[in-house]
Amino acid sequence: MSNLNLELRLEKMNWSSNYSKREITPSQKYKFENIRLTESMIDDLHTLILQIKEDWMTLKVSIVGENYYIYITLIFDDTDPANEIDRTLNRVKEACESYFKDLQELGLKTTSNNFDLLNEIMNEDGFVFKAHQIEEWGVAEEIKQLLATQNQDFKVIQHYQSRFDGGLSGGAEDFLFFIGSSVLSGVTWDVLKGILASKFEDERTNIKSTSINNEKFKELRREVAERTR
C-alpha cells in the first residue's frame, strides 16, 4: 500500500534563446492515499502520456518509504498555438484521471511519514548502499533481483528516477537502500560487495557502499530529511 502525490506541469521554452528562457507552471495535482501502486504501474503511466505527447516531456519520480512523488512536465515551444497546448494538456489530464480510476484502494491505513522506515532501522547496525546510473535506468531493479538470488533482505530508503523524452531520450537513477548486518546470512559484506561490483562494472554505473552505525545513521537521517523536505 502506498501514497501517491503527482503533479502535472507545463513548461514553455524559447528555442531561439538557446534554451535560456523557460516558464514552468503547475497545471494539475493529484493525491491518493492507501492504494496499491507499483513501479511498473508508473512505467505504464509514462508510456500512456508519451503516446499522447509523443515527444518533449520529463518524468521524475522519488520514492521514500511508502510515499511516491511524481512530477510530469510537458514541454512546448512558447510559439506553439495556445489551443494546441490546451488540447494536448486536456488529453493528458483525461488519460491520468482514467488511469487513476483503476487504482485499487486498500482498507489499511498507509503512513505518510517519510521517517517511519528510518526510525525502524535506526537501532540496527548494517550497511547503506547507493547505486547511481546515468543515461538510462533499471539498475535498481537489477540490484533487487541480484539480492534476491543471494537471499538477502533489504529496505529501500529512497529511489529516485528521472526520464527525458525529447529527440534523444535519456535518464538517470539513484537507489539508496539498507542491509542489516544481521541478515547477511552466510554471505559476508565483502563477498556481497564483490558480487555487486562485478555485476555492475559498466562505467556508466557508479556504485558506492559504506558501513553505518547509529551515530552515522543520525547524520544520514538529517540528510534525507533535507532532500525530501
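In this predicted model, Gln 158 sits in strand β6, which covers residues 155-165. With a relative accessible area of 14%, Gln 158 counts as buried, because the cut-off for that label is anything under 20%. Its side chain does have a polar partner: the side chain of Ser 62 makes a polar contact with that of Gln 158 at 3.1 Å. Across the sheet, Gln 158 stands opposite Leu 176 of β7.

That pairing is part of a longer run. Strands β6 and β7 are antiparallel and are joined by nine bridges. Strand β5, residues 126-134, also runs antiparallel to β7, again with nine bridges. One of the residue pairs here is Phe 129 with Phe 177, the latter being the bridge partner in β7. As for β7 itself (residues 170-180), 10 of its 11 residues are buried, so the strand is largely enclosed by the rest of the structure.

Phe 129 turns up again in the packing. A core of 11 residues includes Phe 129 along with Ala 140, Ile 143 and Ile 179, and it lies apart from the largest nonpolar core, described further below. Ala 140 and Ile 143 also appear among the buried residues of helix α4 (residues 139-149), together with Val 139, Leu 146 and Leu 147. Looking down the axis of α4, these buried residues fall within an arc of 125°, so they line one face of the helix. Just past the end of α4, Asn 151 takes up a positive phi of about 60°.

Two further residues have a positive phi. Trp 56 is not a glycine, yet its phi is near 60°. Trp 56 belongs to the loop that links α1 (39-53) to β3 (57-64). Its relative accessible area is 29%, so Trp 56 is classed as partly exposed. Asn 34, likewise not a glycine, has a positive phi of about 55°. Unlike a loop residue, Asn 34 is placed in a strand, namely β2 (residues 22-35). Asn 34 is buried, at a relative accessible area of 15%.

Asn 34 also leads back to the start of the chain. Ser 2 and Asn 34 are separated by 32 residues in sequence, but their C-alpha atoms are just 5.3 Å apart in space. Ser 2 is part of strand β1, residues 2-13, and is buried with a relative accessible area of 6%.

Strand β1 contributes to the largest nonpolar core as well. This core has 29 residues, and the members that touch the most others are Leu 4, Ile 72, Leu 74 and Phe 100. At least two core residues come from each of β1, β2, α1, β3, β4 (67-77) and α2 (82-100). Helix α2 gives the largest share, seven residues. Leu 4 shows how such a member is surrounded. Setting aside residues up to four places away in sequence, Leu 4 touches Tyr 30, Lys 31, Phe 32, Ile 35, Leu 37, Tyr 68, Ile 70, Phe 100 and Leu 103. Phe 100 thus appears both in the contact list of Leu 4 and among the core members with the most neighbours in the core.

Conventions
Residues are numbered from 1 along each chain as its sequence is written. This is a predicted model: local features need pLDDT of at least 70, side-chain atom pairs count only at pLDDT 80 or more; totals for chains, interfaces and linings use all residues. Side-chain values use heavy atoms; hydrogens and water are left out. Helices (H or I, at least four residues) and strands (E, at least two) are DSSP runs, numbered from the N terminus. Buried means under 20% relative accessible area, exposed over 50%, partly exposed in between (1.4 Å probe, protein chains only). A polar contact is a pair of N or O atoms within 3.5 Å; within protein, one must be able to donate a hydrogen and the other to accept it, and residues adjacent in sequence count only if both atoms are side-chain atoms. The arc is that of the directions from the helix axis to the C-beta atoms. A nonpolar core is a set of buried Ala, Val, Leu, Ile, Met, Phe, Trp, Tyr and Cys residues joined through side-chain atoms within 4.5 Å. Contact means heavy atoms within 4.5 Å. Two strands pair if DSSP finds at least two bridges between them.
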